[in-house]
Amino acid sequence: MDSIIVTGNGPLNGSIPIAGAKNACLTLMPATLLSEEPLTLTNAPRLSDIRTMTTLLQSLGAEVSGLQDGQVLAMSSHDIHNHTADYDIVRKMRASILVLGPMLARDGHAIVSLPGGCAIGARPVDLHLKALEAMGAELDLREGYVHAKAPGGLKGGTFEFPFVSVGATENALMAATLAKGTSVLKNAAREPEIVDLARCLRKMGAQIEGEGTSTLTIQGVDRLGGATHPVVTDRIELGTYMLAPAIAGGEVELLGGRLDLVGAFVEKLDAAGIDVTETSTGLMVKRRGDRVQAVDVETEPFPGFPTDLQAQMMALLCTAEGTSVLQEKIFENRFMHAPELIRMGAEIDVQGGTATVTGVNRLKGAPVMATDLRASVSLILAGLAAEGDTTVSRVYHLDRGYEHVVRKLSGVGAKIERIKGE
Ligand code: UD1
């Protein structure tokens, strides 16, 4: 298994290009199943999760090409001959459940493996299923699979999510585009990835109102056509790299960055002592003083502070002046990076969903282990300003969500290299 060695070596300067959003791409790709005509995505990120979704779609009969040169994904689902999403693929990636709504809506039947447990909590899919049931789906859970049927097609329905779920909103939104009649999704997720999906579906001919608000109204249509759509900028990759100069010092421009994607995060950075300014090509980030100030953070659905930036923010606050309290409100068990940061000299006390971080002057490099996608990048960020070498092992987690980490960070002056393992 490969590992990454980072050596803290002072301020970073230059620019980092931000890729298309993994999480947007993972929901735009299954949208191909809604139409017999081609769907082409541009600005797609080159990530192992995207390759996993490609394999899943191909296993169903979709044609997906363009992966090698990255960025352009040409898809066509004119011949879906298999309606079973197999456990062997689904277990690798929870987002696989997103093929359920589209397949069911288009062909009236689908069998999808339930995603297994996940390192950052139980993460059930009950809301995905309840929203589809509200559109008339008949569901049967057998031997680890959801067997879904809608013999006369899905029918428009109203569903109020008891709490916000990004994935369940996406599944229901896609299914509703081909349901007969009007569907209303209340307490829907408002994430930029949902807005991006709604815009793409509209290009395909769907009738959707309200994206970016908590009520989505969808007027079902008989069929959807083809489209070409650019994947929205990855706000999590953006926020992650904004923390590089915040932690190591210097001044870095994030190309393609937009304030509206990271509003709540930028507010916290400002309170910690980090300047973020808009440029004609992105966002410029610079730390005001030598040391950042402690801030309290609570994760929330968009437009609140994203759970996917909590681990990285903790890496920053490990060396802040004062004590910060981080509350994780979306996922239980999402502090697995804390013990690893403690190995680097951080002072962190975790009690349930709350982590109290008392800033130290400087972290010290150590061998650490990546436990999930965002945790792994938080350890790399921490290593950028630590004394000595930080070796992060199990970096396959990182490959799921960050393309060219070594190239991007060394491009702004970081000392970082990837070591090939067996
Ligand atoms: C998506 C993102 C993930 C991000 C998360 C929250 C993708 C591929 N992944 O995940 O990176 O961390 O949003 O911003 O886009 N829940 C249920 N029942 C359900 C669905 C969810 O109880 O049917 C719970 C989850 O366990 C969690 C909460 O709802 O506690 C929010 O999860 P959700 O928004 O659905 O996250 P994902 O869509 O899986």
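**Exercise 1. In the predicted model, find how strands β6 and β7 pair, and place them in their sheet.**

Solution.

Step 1. Strand β6 (residues 84–85) is joined to strand β7 (residues 109–113) by 2 bridges, and the pairing is parallel. Within this pair, Thr84 lies opposite Ile111 of β7.

Step 2. Now turn to the next neighbour of β7. Strand β9 (residues 145–149) is joined to β7 by 5 bridges, and these two strands run antiparallel. Here Ile111 has His147 in β9 as its bridge partner.

Step 3. Put the strands in order. The sheet is open, has 4 strands in the order β6-β7-β9-β8, and its pairing is mixed. Its edge strands are β6 and β8 (138–142), each of which pairs on one side only.

Step 4. Add the helix. Helix α4 (residues 100–107) lies across β7 and β9, and runs at about 165° to β7.

**Exercise 2. Which strands does β1 pair with, and in what sense?**

Solution.

Step 1. Take β24 (residues 415–419). This strand and β1 run antiparallel and are joined by 5 bridges. One bridge can be located by its residues: Thr7 has Lys415 in β24 as its partner.

Step 2. Take β23 (residues 389–393). Again 5 bridges join this strand to β1, and the two run antiparallel. Ile5 stands opposite Thr391 in β23.

Step 3. Check how covered β1 is. Strand β1 comprises residues 3–7, and 4 of its 5 residues are buried. The cut-off for buried is under 20% relative accessible area. The strand is thus described as mostly covered.

**Exercise 3. Describe how helices α5 and α6 are arranged, and which residues meet between them.**

Solution.

Step 1. Find the angle between the axes. Helix α5 covers residues 126–133 and helix α6 covers residues 166–176; their axes come within 8 Å and cross at roughly 25°.

Step 2. Classify the angle. Angles under 35 degrees count as roughly parallel, so α5 is roughly parallel to α6.

Step 3. State the handedness. The crossing of α5 past α6 is right-handed.

Step 4. List the residues that meet. From α5 these are Leu127, His128, Ala131 and Leu132, and from α6 they are Gly167, Ala168, Asn171, Ala172 and Ala175.

Step 5. Sort the residues of this contact by type. There are 6 nonpolar and 3 polar residues, and no charged ones. Gly is counted among the polar residues in this sorting.

Methods. Residues numbered from 1 in each chain as written. Predicted model: local features only at pLDDT ≥ 70, side-chain atom pairs only at ≥ 80, totals over all residues. Heavy atoms only, no water. Axes fitted to C-alpha atoms, helices over the stretch in contact; angles between N-to-C directions. Parallel < 35°, antiparallel > 145°, perpendicular 65-115°, else oblique. Left-handed = near helix turned anticlockwise from the far one by under 90°. Contact = heavy atoms within 4.5 Å. Buried < 20%, exposed > 50% of the residue type's maximum accessible area, 1.4 Å probe, protein only. Pairing = 2+ DSSP bridges.
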